[in-house]
Each structure stands twice: as structure tokens, then as C-alpha cells.
Protein chains: 2
Amino acid sequence: MPSESQLGGEFTLAIFKLHGQLLAAGEKLAEPAGITVAWWQVLGAVLRQPLTASGIARQMGITRQAVQRIANRLIAEGLLQASPNPAHKRSPLLAPTTDGRLAIERIAPGQAAFSTRLVESFGRAEFEALISELERMSITVDAVGP
Amino acid sequence: MPSESQLGGEFTLAIFKLHGQLLAAGEKLAEPAGITVAWWQVLGAVLRQPLTASGIARQMGITRQAVQRIANRLIAEGLLQASPNPAHKRSPLLAPTTDGRLAIERIAPGQAAFSTRLVESFGRAEFEALISELERMSITVDAVGP
DNA sequence: ACCAAAATGACAATACGTTGTCAACTGGGA
DNA sequence: TCCCAGTTGACAACGTATTGTCATTTTGGT
């Protein structure tokens, strides 16, 4: 019978490994569109409605500085545009440009195809159950975490 | 009914979130010992037997350059020592120093306690099942990945 | 209305990972 | 024996994320 400590280690290892695999898969999907996974995530966050840099950061769960650097770069590349924000003079609302939307649209089919292969290979019911368990685990980690 | 594309996105999000949570938890555990999670991983890899930097990298699944940079730092900090490698003149065997082992030992109790809380809160049987499913998912991603 | 606290963008330093390149070393086949 | 391919460490450039600090802007309580 494995110790709790061992189980914790195995779980962490499994999550780290999957994180690496999904990141690598994302890079392969995003690269043909000339963007990175991080750019993809930032553009994806403002597809439905404009957000400020800080707002994107909150939604993504990373620091606002990290988002800000990528947003600045995306604006320089012409994939993101800043519009004046009535609610905050220093914090413009960010939205994708036409080029930005095109980049995301170029990725979408590959992402959908990959997801479909993944769900069908793993089993749809099991896939949905796994997501549920991961979300429950996330809550548990927050609850007991050091 | 969610589309496969949505499910893929939810799954990726769940993994990324847990990765971030576990990384943060690891940092909290390792910090009192004066080391980082990356240092912990490298030291942990040579606890049982000395390895070369490239060997550690293979075991950890990251590039040898990343390990090399951390190993050089650990040697400078006196936590890791290099012994001549009969099998390769340029690639010394790396092993923890006494200080290195002490650092790991200072982390172990906290890690064990955190793991125990996690396993007991989540449910031991469900925890073990989740690890199994994650490993199966890892294999599936490798199989269908882009 | 005013003032302190919170939010925000800019900037710097740092950690960690990647790819690419180069020279030195190792090992195996002609 | 010799040479070539693979391994390895060093170094550089880059992408991403963090923390910390600063000045500016917004907001909420008195």
C-alpha cells in the first residue's frame, strides 16, 4: 500500500507531465498561425468581450504584469487593439483586431480536431468524469493547501 | 451537451489550474528550506544514486541545459557535489552534499503532511483512481497528440 | 469634499524553461 | 587504427511567469 506521501508525489508528477504534454500540443497547434500559446490565451480571453489587462489576468489566474507584457507585444504585432476605457483613464479595454481574430480562427479547427480525437479515444463519459474530478481536486487543494 | 472542443478546453484549463496550484504549494513547502521547487526536483533525483546532469534531465523529462544551469547553481550553493565520472571525462556524477540532504529532509515532513491532508480530504480510493485516469490520459495524449 | 486604500501600468530583477550552436569527449564500424 | 555519429557541457538568445517598486488613477468611507 503506497504512503500518502508517495500518492501525493505520483499525483503531482502526473499533473506536471500532462501540463507539459498539453503545452507542447498547444504549441504545435498555435505555431502555424504564427502565435504562441500565451498569445492564444490572451487573445482568447477577449474574443467575446473587451477586457482590461488586469481583467484578463484575473480571468487567466496569472499576474497582471505577465498579461501586460504579452498584451503590449500583441498590440505591437497588430493582433490586439486598445480602446479608451471610460471607467479607467489608464487602463484601456483590449480587443482583438481582425488579424487577431484570423489567427485564432486558423487555430480553431486543429484544436477541435485534437479535442475530438482525445475525447473519443479516452471515452466521452470518462473524459467528462475526469474533468469533474479534477475540478473537485482543485477545490480540495485550495482547501487543504499549505 | 458540450462539444468535444469545449471539453478539451475545460480539461486543459483544469490541468493548467492544478499545475499552478501544485507549483504554488511546492514553493510554500520548499521556501522555508531555502530552496526552490526546481532545486528540490534536481536534488530529489540524485538522492538514491548519483547521476550526470544529462541523466537527471532524462529522468525529469526536461532539457539537459535546464538541469545543467540548476546543477551549476546548486554546486555553487554547496548543496550538490560533482565527483569524477570514470565513464565520461566531461560529465561528472552529481550527488547531494550533507547540506543538500538536510534541505530535502527539512521539506519532507511538510510534504508528507500536505499529501496526507489531500488524500484524506479527497478520498483515498478516489485519489488513487484519479492518478490512474491521469496516467491513462497521458498515454492517450501521446497517442493522438498533434 | 477629502483623504486613505486599492487598482493599474511601467519598469527592473529574477527564476525557469526552450532552441540553437560550438567544442570536447565517447563509442562503434570500416 | 581511424573516423564519424552521438553525447555532453558551455554559452547565448528568447519566451514566460514571478516579485517588488513606483507614480497615477479610481474608489470608498468619513
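This report covers helix packing, aromatic contacts and a few buried sites in a predicted model.

**Helix pairs**

Two packed helices are described by the angle between their axes and the distance between the axes. The table lists three pairs.

| Helix pair | Axis distance | Angle |
|---|---|---|
| α1(A) and α6(B) | within 10 Å | roughly 30 degrees |
| α5(A) and α1(B) | within 8 Å | roughly 85 degrees |
| α1(B) and α5(B) | 9 Å | about 140 degrees |

Take α1 of chain A, residues 4-30, and α6 of chain B, residues 124-144. Their axes cross at roughly 30 degrees, so α1(A) is roughly parallel to α6(B). The crossing is left-handed. On the α1(A) side, the contact residues include A:Leu7, A:Gly8, A:Phe11, A:Ala14, A:Ile15 and A:Leu18. On the α6(B) side they include B:Phe127, B:Leu130, B:Ile131, B:Leu134 and B:Val141. Charged residues also take part, among them A:Glu4, A:Lys17, B:Arg124 and B:Asp142.

Next come α5 of chain A, residues 98-122, and α1 of chain B, residues 4-30. Their axes cross at roughly 85 degrees, which makes α5(A) roughly perpendicular to α1(B). From α5(A), the contact uses A:Gln111, A:Ala112, A:Ser115, A:Thr116 and A:Val119. From α1(B), it uses B:Glu4, B:Ser5, B:Leu7, B:Gly8 and B:Gly9.

The third pair lies within chain B. Helices α1(B) and α5(B) pack at about 140 degrees, in a right-handed crossing. B:Ala25, B:Leu29 and B:Ala30 of α1(B) meet B:Ile107, B:Gly110, B:Gln111 and B:Phe114 of α5(B).

**Aromatic rings and arginines**

Over all chains, the structure holds four aromatic pairs. One of them joins B:Phe122 and B:Phe127 edge-to-face, with 6.2 Å between centres and 85 degrees between planes. Both B:Phe122 and B:Phe127 are buried. Ring pairs also bring in A:Phe11, so that A:Phe11, B:Phe122 and B:Phe127 form a cluster. Two of these rings recur in the helix contact above: A:Phe11 on α1(A) and B:Phe127 on α6(B).

Arginines sit over the Phe122 rings. A:Arg136 lies over the face of B:Phe122, 3.8 Å from the ring centre. B:Arg136 lies over the face of A:Phe122, also at 3.8 Å from the ring centre.

**A:Gly8**

A:Gly8 is in helix α1 of chain A. Its relative accessible area is 4%, so A:Gly8 is buried. Beyond residues up to four places away in sequence, A:Gly8 touches B:Ser115 and B:Phe127. A:Gly8 and A:Gln65 are 57 residues apart in sequence, and their C-alpha atoms are 31 Å apart.

**Inside chain B**

Helix α3 of chain B spans residues 53-60. Its buried residues include B:Ala53, B:Gly55, B:Ile56 and B:Ala57. The cover over the buried residues of α3(B) includes α2 (37-45), α4 (64-76) and β2 of chain B. Just after α3(B), B:Gly61 has a positive phi of about 80 degrees.

Strand β2 of chain B, residues 93-96, is followed by a loop leading to α5, and B:Thr97 is found in that loop. Is B:Thr97 buried or exposed? B:Thr97 is buried, because its relative accessible area is 14%, under the 20% cut-off. Leaving aside neighbours within four places in sequence, B:Thr97 is in contact with B:Gly78, B:Leu79, B:Leu80 and B:Gln81.

Key. Residues numbered from 1 in each chain as written. Chains lettered and ligands numbered in written order. Predicted model: local features only at pLDDT ≥ 70, side-chain atom pairs only at ≥ 80, totals over all residues. Heavy atoms only, no water. Phe/Tyr/Trp six-rings, centres within 6.5 Å; stacked < 30°, edge-to-face > 60°. Buried < 20%, exposed > 50% of the residue type's maximum accessible area, 1.4 Å probe, protein only. Lys NZ or Arg CZ within 6 Å of the ring centre and 35° of its normal. Axes fitted to C-alpha atoms, helices over the stretch in contact; angles between N-to-C directions. Helix = DSSP H or I, 4+ residues; strand = E, 2+ residues; numbered from the N terminus. Parallel < 35°, antiparallel > 145°, perpendicular 65-115°, else oblique. Left-handed = near helix turned anticlockwise from the far one by under 90°. Contact = heavy atoms within 4.5 Å.
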